[in-house]
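Welcome! Have a look at the sequence and the model below, then work through the exercises one by one.

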Amino acid sequence: MPITINPPSLRPTYRDSSPSDPGSESDSDSSTGGIPLTAKHTPNLTTTSSSSIYSIVTPGEVITSDPQWMRGHGTYIAPSTTNITSSLAGTITRTNKLLSVRPLRARYTPEVGDLVVGRIVEVQAKRWRVDVGAVQLASLPLSAINLPGGILRKRTETDELQIRSFFAEGDLLIAEVQQLFQDGGAVLHTRSLKYGKLRNGVFVAVAGMGGGGGVVRSRRQVWTMEAENGGGKVDVVLGVNGYVWISKHVETPEGEKGAGAGITNLEESVSATMYSSQNDRIGVETMREIARLRGVVTALVENGLRVDEDMVMKGYREAVEMAMLAGEGGQEDVYLGGEKGSQLAAALTAV
């Protein structure tokens with residue numbers, strides 16, 4: 001028997017833009033979308049022009065019995081009935097005649113081509129097991145990484161014996177989802193100079209990958225920005241799986257050799273430091289701006305805002321201005337929690 005969860009009182013109620021006659025609707029079917037629902041949903045289920053329905057449902061709860069609607073993710077049809085029933089706890093979303101339930105909070109679901117940040121949790125014979133925030137651990141085969149000596153070098157038994165020298169337990173890396181197994185497990189690869197082990201930075205795990213604020217698939221997941229107050233260049237990596245990495249920018253030999261250098265030569269030149277776990281020296285100014293960027297990301301998540309390149313850059317500029325107004329140049333004031341985080345979110349939403 002499903003439990004009953006009343007929707008939050010502070011959640012805004014959205015009405016359909018099309019006019020309706022209150023006298024023409026009965027108590028058992030008063031939704032503007034025309035979905036026959038139970039008495040629990042009657043006063044709460046109201047739609048917007050963007051096809052979103054803010055009504056919380058629980059597993060086993062009947063959403064509608066009208067056969068004109070199609071079931072989507074998070075729903076199922078009970079045997080011998082036409083009832084569309086929720087299979088998880090979340091909010092109802094309508095897209096034309098398709099009804100689905102978006103979970104209030106869910107783990108990351110891998111898709112081919114996703115850029116993810118992960119942590120090595122297990123080293124096996126010919127592969128690593130990586131935590132990417134999904135239901136299952138992802139797999140990173142030894143054949144899917146660049147090894148010293150060129151990208152086409154054959155993998156030998158010596159490489160298998162030295163597998164822990166490339167990635168060990170606890171190491172962070174950036175990778176791309178190459179393929180998916182039938183059970184939903186992901187296979188990663190780092191066959192690119194922009195992928196590999198992460199150093200010289202700070203890790204942030206973003207919550208809310210289900211229905212709340214969190215990382216979205218924006219135009220760019222990795223970019224380099226010029227920090228304020230003498231912080232220099234800083235790299236920002238927004239993993240689609242909700243893991244964020246902010247670090248000091250390190251120039252690669254690609255810029256020194258120019259466009260005429262071959263890819264094999266480039267890989268050989270960076271192989272010496274590609275799998276190093278030793279951090280470089282980071283200046284105080286750079287560390288301060290990295291901490292400020294981390295505060296911006298956490299403030300966006302705590303206030304239910306999306307995390308993408310546009311919002312992070314706007315939030316960083318706003319945070320610098322807030323620190324300047326605080327006095328003494330604001331260079332040391334990097335805390336953005338509590339009331340300051342709410343002020344930052346209000347300034348971003350007011351723009």
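**Exercise 1: Arg129 and its surroundings**

Arg129 is found in strand E9, which covers residues 127-131; strands (E, at least two residues) and helices (H or I, at least four) are DSSP runs numbered from the N terminus. This is a predicted model, where local features need pLDDT of at least 70 and side-chain atom pairs count only at pLDDT 80 or more, while totals for chains, interfaces and linings use all residues. Residues are numbered from 1 along each chain as its sequence is written, and side-chain values use heavy atoms, with hydrogens and water left out.

Task: Find out whether Arg129 is buried or exposed, and which side chain of opposite charge is nearest.

Solution:
- Step 1. Arg129 is buried (under 20% relative accessible area, with exposed meaning over 50% and partly exposed in between; 1.4 Å probe, protein chains only).
- Step 2. Lys and Arg count as positive, Asp and Glu as negative, and His and the chain ends are not counted. The nearest side chain of opposite charge to Arg129 is Glu122, 4.7 Å away.
- Step 3. Arg129 has no salt bridge, a term for a side-chain nitrogen of Lys or Arg within 4 Å of a carboxyl oxygen of Asp or Glu.
- Step 4. Leaving aside residues up to four places away in sequence, Arg129 touches several residues, including Ile120, Glu122 and Leu137 (contact means heavy atoms within 4.5 Å).

**Exercise 2: A sheet of three strands**

Task: Work out the strand order of the open sheet that holds E2, E4 and E5.

Solution:
- Step 1. The order is E2-E5-E4, with antiparallel pairing; two strands pair if DSSP finds at least two bridges between them.
- Step 2. E2 (62-64) and E4 (75-77) stand at the edges with a single partner strand each, so one side of each lacks a neighbour in the sheet.
- Step 3. Three bridges link E4 and E5 (residues 84-86), and Ile77 has Ile84 in E5 as its bridge partner.

**Exercise 3: Following E16**

Task: Which strands pair with E16?

Solution:
- Step 1. E15 (residues 222-227) pairs with E16 in the antiparallel sense over six bridges, and Ala227 stands opposite Gly232.
- Step 2. E17 (residues 243-248) also runs antiparallel to E16, joined by five bridges; here Val237 stands opposite Trp245.
- Step 3. The E16-E17 hairpin has four residues between its strands, and Gly242 in the turn has a positive phi of about 95°.
- Step 4. As for cover, five of the seven residues of E16 (residues 232-238) are buried.
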